[in-house]
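Trainee: I am new to this structure and would be grateful for a guided discussion. May I put my questions one at a time?

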Amino acid sequence: MWDYTDKVMEHFYHPRNQGAISASNEGEAITIGDVGSISCGDALRLYLKIDIATDSIITASFQTFGCASAIASSSALTELLKGQTLDEALKITNREIADFLGGLPEAKMHCSVMGQEALEAAIFNYRGIPLDNHEEDEGALVCSCFGISDAKIRRVILENELETAEQVTNYIKAGGGCGSCLADIDDLLYSIAAEKANTIARTTEVVNNYATLTTVQKINRIQQVLEEIRPTLIADGGDLELLDLEGDVVKLVLKGACGSCSSSTITLKMGIEAKLREKVLSTLVVEAV
Amino acid sequence: MRDCIYLDNNATTKIDEEVLAAMLPYLTLYYGNPSSMHSFGGQVGKATKTAREQVASLIGAQSPAEIVFTSCGTEGDNAAIRAALMAQPEKKHIITTEVEHPAVLSLCKNLEKQGYSVTYLSVNGQGQLDLSELEASLTGNTALVTVMYANNETGVIFPIEQIGSMVKEYGALFHVDAVQVVGKIPLNMQESTIDMLTLSGHKLHAPKGIGALYVRRGTRFRPLLIGGHQERGRRAGTENVPGMVALGKACELAEYHLINVGHEQQLRDYLEQSILTTIPNTAVNGHPVQRLPNTSNIGFKYIEGEAILLSLDQFGICASSGSACTSGSLEPSHVLRAMGLPYSVLHGSIRFSLSRYTTQTEIDRVLEVLPGIIDRLRALSPFNSDDATWLQEQEQAVLAK
């Protein structure tokens, strides 16, 4: 028997916000996000009622085909969404859903990932962003049994700090079918670990050179690096602006497509922060405001 | 631990009090080694002799010498299959079915890596074999046909003697995994084509950790465990005397209770028919008649098995499910999949397996709470709404694969 927390069981036996949303008033919109697969044994339909003027979620509800943790994760997600703007909602991670429930068995973490994906699907639907063009679908297909790309595996590894292929399977099912892609998942884990190690080594070197920078010197150097990054973001319909520097915390405003992108955390941490640490100061932390 | 309504007897059973009473002295007073020359061990040896006779009697063996005590069903299956292959090293083909227990399936997959070819016979929507497929698969190179007597998940019984007759025409050995059958339906090895038959104690009210393998007299056999001379050289290792005594007593009691097995079937049928008539979109998985009298596997469409099980558990009711979520694997029951059931049914399948201890009151309690549980979970399901489009798309996508 699974070792579920009391909160998981509470949300399973008494799920919040269950059912469909069909009625809306003027100035409101309803959007739906469907994820999961009957063959895999879990599927989630998430309903959001949106206040168009404020771009925020009025209510959220769900219908779930799945186990106790799938139902509890769906219920938890709808609770987390209360009062959020769509941009704020997009920043909710599967880890937050699991944490809200006091944790999930590792083999059930994919239930929390399903919740996060349904949320993205619902908001993308509302914003008219075709799901087929989701950046995760642009990656190479790794797990053909469950149709999962390398980009998605990479994202889940980074967001959850996964270290083994078994963990990847627990979180997104990749590798859990025929198992023929497990070696590819191992390769991805290895390359991500190597990237991290490389970044740490280079930033250590940089810190020795830049440890004595004044605040003005830091800002100037940060601006130079950001100017190098901006053309790439602009080409994707986004942009950024340096708002402030407090100690070693770099405060950025993400604009356009970057502001609503589900992968903005990865862009911030793996793209911008890593580059700033490499080229300016290893102790810099980037935050979006 | 709270009282429970235990309907998971195909997983394991309660130890009968008479069985417990029979085995206890061999854990305390009579702890001698039956292989010892002194009388303290010798009296223990007499108890194991009686136990062997009791097991032989239940399955209608010609002689107690045909009984080899093992540690469990898995060991019995492994010992039989490997013995059959070692005894016929020139033959490299095995026939089994897609719906076997992992004790057989996993071993066969492993043997494929060692150079054996394995034919996995399919089943139809009611879990039955097509004997023409078996006939087409048998060759002079077939060393062994290993088939379960009845399926652990659906209870579907295979036509064992028909299969055995076909196997004998090709000179292959015939092993039957009868773990779910022994004690539930009468067996008579003296009138059977079976060469080897596996049984397990904890499925018939003996404790876990004891089983037996029937090996027909004259069958070429090579032991899995090699060491001392125990079990007439067929299974080395100091005997689990309390377990053997317990299994013997359990077999004696099972033989007695076989005359009253209609009690289980009556309750099973009552449970099954009541569910089918009171809860819509339900179906029995497996053949309606060719089934064990104690087993009912029911598919509850649109909902998932683990959610049903946990909801039943809240009322102290124990059953089991072949859903992926229950097992921790990502694949649902290989048995139900082999039967070609739609995913919307097989993920929500629940197995109720009764025993001679099951009462009418217990079944009534299940019938009292189950409709409410199913209603609650279906109200949560996206596939139970008026809009069936999504489910249809999903099912079609699976078929297209």
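Trainee: Which residue follows α7(A), and what is the sign of its phi?
Mentor: In this predicted model, the helix α7(A) spans residues 165-172 of chain A. The residue that follows α7(A) has a phi near 75°, and its sign is positive; the residue is K173(A).

Trainee: How many residues of helix α7 of chain A are buried?
Mentor: Helix α7 of chain A is mostly covered. Its buried residues include A165(A), Q167(A) and Y171(A). Another of the helix's residues, T169(A), has a relative accessible area of 13%, under the 20% cut-off, and is therefore buried. Of the 8 residues in the helix, the number buried is 7.

Trainee: What distance separates the C-alpha atoms of T169(A) and G179(A)?
Mentor: T169(A) belongs to helix α7 of chain A. G179(A) is 10 residues away from T169(A) along the chain, and the separation of their C-alpha atoms is 9.7 Å.

Trainee: Is E161(A) buried or exposed?
Mentor: E161(A) sits in the loop between α6 (150-160) and α7 of chain A. Its phi is positive, about 50°, although the residue is not a glycine. Its relative accessibility is 60%, and the cut-off is over 50%, so E161(A) counts as exposed.

Trainee: What is the phi of N17(A), and where is N17(A) found?
Mentor: N17(A) is found in the loop between α1 (6-13) and β1 (28-37) of chain A. With a relative accessibility of 26%, N17(A) counts as partly exposed. The residue is not a glycine, yet its phi is positive, with a value near 60°.

Trainee: How do the axes of α2(A) and α5(A) cross, and which term describes α2(A) relative to α5(A)?
Mentor: Helix α2 (residues 68-80) and helix α5 (residues 109-127), both of chain A, have axes that come within 8 Å and cross at roughly 40°. That angle makes α2(A) oblique to α5(A). The crossing itself is right-handed.

Trainee: Which residue of helix α3 of chain A forms a salt bridge with R127(A)?
Mentor: R127(A) lies in helix α5 of chain A, and its partner lies in helix α3 (residues 86-90), 40 residues apart from it. The closest N and O atoms of the pair are 2.8 Å apart. R127(A) is partly exposed at 26% relative accessibility, and its partner is partly exposed at 30%. The partner is D87(A).

Trainee: How far apart in sequence are the parts that E241(A) and K255(A) tie together?
Mentor: E241(A) and K255(A) form a salt bridge whose closest N and O atoms are 2.9 Å apart. E241(A) is in strand β6 (residues 238-246) of chain A and K255(A) is in strand β7 (residues 249-256) of chain A, so the parts tied together are 14 residues apart.

Trainee: Are R351(B) and D8(B) buried or exposed?
Mentor: R351(B) forms a salt bridge with D8(B), with the closest N and O atoms 3.1 Å apart. R351(B) lies in strand β13 (residues 349-353) of chain B and D8(B) in the loop between β1 and α1 of chain B, so the pair ties together parts 343 residues apart in sequence. Both R351(B) and D8(B) are buried.

Trainee: Which residues form the nonpolar patch of about 320 Å²?
Mentor: The patch lies on the surface, and about 320 Å² is its accessible area together. One of its members, I15(B), is partly exposed at 33% relative accessibility. The patch is formed by I15(B), L20(B), L24(B) and L27(B).

Conventions. Residues numbered from 1 in each chain as written. Chains lettered and ligands numbered in written order. Predicted model: local features only at pLDDT ≥ 70, side-chain atom pairs only at ≥ 80, totals over all residues. Heavy atoms only, no water. Patch = residues over 30% accessible without salt bridge, like charges linked within 9 Å, V, L, I, M, F, W, Y side chains within 5 Å. Areas by Shrake-Rupley, 256 points an atom, 1.4 Å probe, with all protein chains shown as cover. Salt bridge = Lys/Arg side-chain N within 4 Å of Asp/Glu carboxyl O. Buried < 20%, exposed > 50% of the residue type's maximum accessible area, 1.4 Å probe, protein only. Axes fitted to C-alpha atoms, helices over the stretch in contact; angles between N-to-C directions. Helix = DSSP H or I, 4+ residues; strand = E, 2+ residues; numbered from the N terminus. Parallel < 35°, antiparallel > 145°, perpendicular 65-115°, else oblique. Left-handed = near helix turned anticlockwise from the far one by under 90°.
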